[in-house]
Amino acid sequence: MNKLAINGGNPVRSGLLGYGHQVIAQSDIEAVVQVLKSDYLTCGPATKEFENKLAQIVNAPYVTAVANGTAALHIACLAAGIRPGDEVVVSPITFAASANCVLYCGGVPVFADIDPITWNISPDSIRQKITEKTKAVIAVDFGGCPAALDDIRSICDKHGLILIEDAAHSLGSQYGGECVGSIADLTTFSFHPVKTVTTGEGGAVATSNAEFAQRVELFSKHGITRDKKLMTSKDDGDWYYEQLELGYNYRISDIQAALGISQLGRLPEFARRRREIVSYYNEEFAHIPHVSFQFDPAPESTVRHLYVLRFDTEALRTSRRFIFDALRCEGIGVNVHYLPVFRLPYYDQLGYDPNCCIEANLFYDQAITLPLHCSMSDSDARDVVGAVRKVVEWLMGEGADDDVR
Ligand SMILES: *Cc1c(COP(=O)(O)O)cnc(C)c1O
């Protein structure tokens with residue numbers, strides 16, 4: 001009965017439970033259909049409404065919705081004035097886009113190490129990476145837990161740096177009683193289907209700074225404006241517009257925005273369910289030896305996107321690879337977030353030292369992402385815990401002397 005599925009035993013469940021999945025309600029579908037029947041598929045009222053609703057939720061005066069989270073990061077960097085040669089300190093335990101956006105601007109991502117307990121970028125490491133070329137810090141709220149924003153803010157203030165928060169994981173989270181989106185100079189969100197709220201593809205930039213907001217707006221729409229206050233020469237009639245910057249077409253469509261409006265309405269429900277699963281996991285995993293989970297000082301104000309479990313592979317005398325494969329065989333669609341960005345072949349070829357961040361590398365060797373999403377049932381969550389317990393118990397018992405371990 002305890003024979004692992006990877007060794008020919010019966011799996012905990014049949015069929016693979018994915019690590020992330022969107023939840024689409026009938027009301028979401030109806031909202032999209034309504035836009036399809038309207039006059040505007042893009043640049044219409046739904047986009048404005050989505051931006052306003054998001055602005056309210058994240059408590060930021062200015063929100064621009066864009067095509068995806070990567071576009072949001074790109075224009076946040078452009079708005080921050082990142083130029084060729086500028087250095088930007090970034091967390092390495094993130095999706096590549098958090099650093100790619102710096103490269104898009106000709107800047108240089110500099111990786112600071114993570115904190116071994118919170119798995120977010122370490123303020124001490126940020127301090128060590130600052131040079132006279134440093135222009136900004138990109139803090140990623142890993143898994144949905146806000147980075148140490150107080151400390152990072154004071155580092156940024158001391159050195160005159162712009163703080164960009166990649167909040168792709170943390171929509172709906174709060175830090176020190178403030179909403180994510182109202183804290184950093186520029187905050188970016190993603191609405192990819194695995195994220196807490198989806199628009200299919202989509203993203204947004206939030207800011208409280210009117211000047212940044214204006215630049216975000218400009219760069220997301222070709223650098224073109226019809227705003228008379230911004231134009232350099234006299235208005236030449238109603239048709240007249242000017243291009244002031246080399247911008248991009250990063251617009252979101254009204255079809256996507258309609259889905260977003262509808263999904264945002266269910267954010268409180270999504271947040272509650274995600275917290276419920278996280279707290280169940282934490283309770284259970286606290287009793288399983290040689291595993292540890294992310295330290296979150298304020299779980300009641302966090303909306304988690306990812307649940308990563310760290311396995312003490314040394315004590316279990318195995319590899320992350322074995323545990324990963326064993327859990328997949330048990331029917332648990334585990335994943336890994338993330339290979340440190342500096343170890344991706346593209347970054348390797350740019351000359352990044354694969355050993356530049358010790359904690360990030362240690363984390364990578366032990367991390368496995370478990371399923372966490374709102375289309376999971378309680379019984380799905382029990383299967384996840386059951387499979388982890390089964391694999392760990394086998395490794396500590398029968399499997400302790402097994403060669404295939
Ligand atoms: C998902 C994600 C992004 C990119 O978002 P897209 O909408 O897929 O472009 C950026 N940063 C992090 C940390 C993410 O998880």
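In this predicted model, the ligand is surrounded by 15 residues, and the closest of them are G69, T70, D166, S190 and K195. When the residues of this shell are sorted by character, 8 are polar, 5 are nonpolar and 2 are charged. Among the elements of secondary structure, helix α3, which spans residues 69–79, gives the most to the shell, with 3 residues. The space that the ligand takes up is the second largest pocket.

Several polar contacts between the protein and the ligand can be described atom by atom. One of them involves the backbone of G69, where an N or O atom lies 2.7 Å from an oxygen atom of the ligand. In the case of D166, the contact comes from the side chain, with a polar atom placed 2.7 Å from a nitrogen atom of the ligand. Y338 also takes part through its side chain, a polar atom of which lies 3.4 Å from an oxygen atom of the ligand. Taken on its own, the ligand has 380 Å² of accessible area, and the protein covers 92% of this area.

The residue Y338, whose side chain reaches an oxygen atom of the ligand at 3.4 Å, deserves a second look for its backbone. Y338 is found in the loop between α10 (320–329) and α11 (345–349), and the peptide bond that joins H337 and Y338 is cis, with omega at about 0 degrees.

Two further residues are notable for their backbone angles. C43, which is found in the loop between α1 (26–36) and α2 (45–58), has a positive phi of about 55 degrees although it is not a glycine. H222, likewise a residue other than glycine, has a positive phi near 70 degrees, and H222 is found in the loop between α7 (210–220) and β10 (224–225).

Contacts between aromatic rings were also examined, and the count comes to 18 aromatic pairs. One of these pairs is formed by W119 and F142, whose ring centres are 6.4 Å apart and whose planes stand at 65 degrees; an angle over 60 degrees counts as edge-to-face, and the pair is therefore assigned to that class. The two partners are 23 residues apart, and the pair links distant parts of the chain, since W119 is in the loop between β3 (108–111) and α5 (123–129), whereas F142 is in the loop between β4 (134–140) and α6 (149–159).

Note on methods. Residues numbered from 1 in each chain as written. Predicted model: local features only at pLDDT ≥ 70, side-chain atom pairs only at ≥ 80, totals over all residues. Heavy atoms only, no water. Near = heavy atom within 4 Å. Polar contact = N/O pair within 3.5 Å; in protein donor to acceptor, adjacent residues only side chain to side chain. Areas by Shrake-Rupley, 256 points an atom, 1.4 Å probe, with all protein chains shown as cover. 1 Å grid on protein atoms, 1.4 Å probe; cavity = no way out; pocket = protein on both sides within 12 Å on 5 of 7 lines; lining within 4 Å. Sits in = over half its atoms within 2 Å of the grid points. Helix = DSSP H or I, 4+ residues; strand = E, 2+ residues; numbered from the N terminus. Nonpolar A, V, L, I, M, F, W, Y, C, P; charged D, E, K, R; others polar. Phe/Tyr/Trp six-rings, centres within 6.5 Å; stacked < 30°, edge-to-face > 60°.
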